[in-house]
Amino acid sequence: SGAMAGSTGRERLLEELAGVSRRYMASYALFNQAVADRLGLHPTDLQCLNLLTLEGGPVTTGRIAELTGLTTGSATRLVDRLEKAGYVVRERDAADRRKVLVVTLPERIAEFGRMWERLGGGWYDLFEELDDAQLAVVVGHMRRTVEFSGAQVARLRAGEV
């Protein structure tokens, strides 16, 4: 009966996880929408900017399509919108003149960074009570979720779902 009790406890936790993870995703999507609205951007464009700041240098539109899971055409339109909003410029690659790179504008990105700081100031406090092992579990989970989501986006775009 000990095993039974353990499994029902786990089942309850998994049920709770199913509900709370949906709330978690919804709260993040709504938060992202609110920030995007405030900045006058499309929610996907905001996340593209976020990902571009993590790339550490100019990238091609093809790379943006990879990062976002968008088609090349949609990625091109996304870059058009970011360029029009003044967050990026297109420049020819010095090494390969045929290649066009998307370059973020540091002063606009800094403004974007300040907005996150004002909003996310308390974010690290959420992890204060966790020890290193628990923190490592959260990091590992987030990493796996990023990979899983990327694979699901690819399946959706390929019409498999």
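This report walks through how the helices, the core and the salt bridges of this structure fit together.

## Before we start

Keep in mind that the model is a predicted one. Let us begin with the helices, move on to the core, and finish with the charged residues.

## Helix H2 and its two partners

A good place to start is helix H2, which covers residues 43-55. How do the axes of H2 and helix H5 (residues 106-120) cross? They come within 11 Å and cross at roughly 105°. Angles from 65 to 115 degrees count as roughly perpendicular, and H2 and H5 are therefore roughly perpendicular to each other. On the H2 side, the residues that meet H5 are Leu46, Gln47, Leu49, Asn50 and Thr53. They face Ile109, Phe112 and Trp116 of H5. Sorted by class, this contact of H2 with H5 has 5 nonpolar and 3 polar residues, with no charged ones.

H2 also packs against H4, with their axes 10 Å apart and an angle of about 85°. That angle makes H2 roughly perpendicular to H4. Here H2 contributes Thr44, Asp45, Cys48 and Leu49, while H4 contributes Leu78, Arg81 and Leu82. The contact of H2 with H4 includes 2 charged residues, along with 4 nonpolar and 1 polar. If you look back at the two lists, you will find Leu49 in the contact with H5 and again in the contact with H4.

## Helix H3 against helix H4

Now turn to H3 and H4, whose axes come within 9 Å. They cross at roughly 105°, which makes H3 roughly perpendicular to H4. Which residues of H3 meet H4? They are Thr61, Ile64 and Ala65, and their partners in H4 are Thr72, Ala75, Thr76 and Val79. By class, the contact of H3 with H4 divides into 4 nonpolar and 3 polar residues, and no charged ones.

## The nonpolar core

In soluble globular proteins, nonpolar side chains tend to be buried together. In this model, the largest nonpolar core has 22 residues. Which residues have the most contacts inside this core? They are Leu39, Leu49, Ile64, Leu82 and Val88. Several helices share in building the core: H1 (2-39), H2, H3 (61-68), H4 (72-84) and H5 each give two or more residues to it.

Valine 88 is worth a visit of its own. Leaving out residues up to four places away in sequence, valine 88 touches Leu49, Leu52, Val79, Leu82, Glu83, Val102, Val103, Thr104 and Leu105. One of these, leucine 52, is found in helix H2. Is leucine 52 buried or exposed? Its relative accessibility is 5%, so leucine 52 counts as buried, since buried means under 20%. With the same sequence neighbours left out, leucine 52 touches Val59, Ile64, Val88 and Thr104. For a sense of distance, the C-alpha atoms of leucine 52 and arginine 108 are separated by 13 Å, and these residues are 56 residues apart along the chain.

## A glycine in a loop

Where is glycine 86? Its place is in the loop between H4 and strand S1 (88-92). Not counting residues up to four places away in sequence, glycine 86 touches Leu105 and Arg108. Glycine 86 and leucine 105 lie 19 residues apart along the chain, and their C-alpha atoms are separated by 7.7 Å.

## Salt bridges

How many salt bridges does the structure hold? The structure holds 8. One of them joins the side chains of arginine 108 and glutamate 111, at 3.3 Å from N to O. These two residues are 3 residues apart in helix H5, so about one helical turn separates them. Arginine 108 is partly exposed, with a relative accessible area of 22%, and glutamate 111 is partly exposed at 32%.

Another salt bridge links arginine 90 with glutamate 83, at 2.7 Å from N to O. Arginine 90 is partly exposed at 29% relative accessibility, and glutamate 83 is partly exposed at 31%. Arginine 98 and aspartate 96 also meet in a salt bridge, at 3.1 Å from N to O. In that pair, arginine 98 counts as exposed at 74%, whereas aspartate 96 is partly exposed at 23%. Finally, Glu55, Arg63 and Glu66 are linked in a network of salt bridges.

Note on methods
Residues are numbered from 1 along each chain as its sequence is written. This is a predicted model: local features need pLDDT of at least 70, side-chain atom pairs count only at pLDDT 80 or more; totals for chains, interfaces and linings use all residues. Side-chain values use heavy atoms; hydrogens and water are left out. Axes are lines fitted to C-alpha atoms, for helices over the stretch in contact, and angles run from 0 to 180 degrees between N-to-C directions. Helices (H or I, at least four residues) and strands (E, at least two) are DSSP runs, numbered from the N terminus. Angles under 35 degrees count as roughly parallel, over 145 as roughly antiparallel, 65 to 115 as roughly perpendicular and the rest as oblique. Contact means heavy atoms within 4.5 Å. Ala, Val, Leu, Ile, Met, Phe, Trp, Tyr, Cys and Pro count as nonpolar, Asp, Glu, Lys and Arg as charged, and the others, Gly among them, as polar. A salt bridge is a side-chain nitrogen of Lys or Arg within 4 Å of a carboxyl oxygen of Asp or Glu. Buried means under 20% relative accessible area, exposed over 50%, partly exposed in between (1.4 Å probe, protein chains only). A nonpolar core is a set of buried Ala, Val, Leu, Ile, Met, Phe, Trp, Tyr and Cys residues joined through side-chain atoms within 4.5 Å.
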